[in-house]
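Here are a few exercises to work through with the sequence and the 3D view side by side. Try each task before reading its solution.

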Amino acid sequence: MKNLIIPAVVISLVFVSYQAVLGASNKCVVVESQGNNLVLRCERETRQFKNGDTVKIKSDRKKTPIEGC
């Protein structure tokens with residue numbers, strides 16, 4: 001019986017934590033910037049984001065080529 005309970009619990013935990021692990025993500029481009037406000041245009045629909053949600057914005061770094069000798 002224990003042999004069946006442990007895998008069942010593990011599988012159920014995977015399904016329950018599935019949404020929390022993936023989270024909402026999208027790639028967006030800044031359209032307009034005024035003071036503390038940003039207007040973004042995103043690649044996919046934004047239904048997963050609700051009013052009042054906190055988001056973390058990570059900007060892409062532009063790499064400058066390093067010239068050799």
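**Exercise 1.** Find where Gln48 is located relative to strand 2, and decide whether Gln48 is buried, partly exposed or exposed.

Step one: Gln48 sits in the segment after strand 2, where a strand is a DSSP run of E with at least two residues, a helix is a run of H or I with at least four, and both are numbered from the N terminus. This is a predicted model, in which local features need pLDDT of at least 70, side-chain atom pairs count only at pLDDT 80 or more, and totals for chains, interfaces and linings use all residues. Residues are numbered from 1 along each chain as its sequence is written, and side-chain values use heavy atoms, with hydrogens and water left out.

Step two: the relative accessible area of Gln48 is 34%, so Gln48 is partly exposed (buried means under 20%, exposed over 50%, partly exposed in between, using a 1.4 Å probe and protein chains only).

Step three: look across to Asn26, which is 22 residues from Gln48 along the chain; their C-alpha atoms are 9.6 Å apart.

**Exercise 2.** Work out the order of helices and strands in the protein, then say how much of the protein is buried.

Start by counting: there is 1 helix, plus 2 strands. Reading along the sequence gives α-β-β. As for burial, just 1% of the 69 residues are buried.

**Exercise 3.** Which cysteines does the disulfide join?

First, the rule: a disulfide is a pair of cysteine sulfur atoms within 2.5 Å. That gives a count of 1 disulfide. Next, the partners: Cys28 is joined to Cys42, with 2.0 Å from S to S. The pair ties together distant parts of the chain, as Cys28 belongs to strand 1 and Cys42 to strand 2, 14 residues apart. Now the twist: the angle about the S-S bond is 95 degrees, and the link of Cys28 and Cys42 is right-handed. Finally, exposure: Cys28 has 34% relative accessibility and so counts as partly exposed, and Cys42, at 25%, is partly exposed too.

**Exercise 4.** Describe the lining of the largest pocket.

Begin with the residues: 20 of them line the largest pocket, and Asn26, Lys27, Cys28, Leu40 and Ile57 lie nearest its centre. Then sort the lining by type: 9 nonpolar, 5 polar and 6 charged (Ala, Val, Leu, Ile, Met, Phe, Trp, Tyr, Cys and Pro count as nonpolar, Asp, Glu, Lys and Arg as charged, and the others, Gly among them, as polar). Last, the strands: strand 1 (28-34) and strand 2 (37-42) each supply at least two lining residues, and strand 1 gives the most, with 3.

Methods
On a 1 Å grid over the protein atoms alone, a cavity is a set of points where a 1.4 Å probe fits but cannot get out, and a pocket is an open set with protein on both sides within 12 Å along at least five of seven lines; lining residues have an atom within 4 Å of a point.
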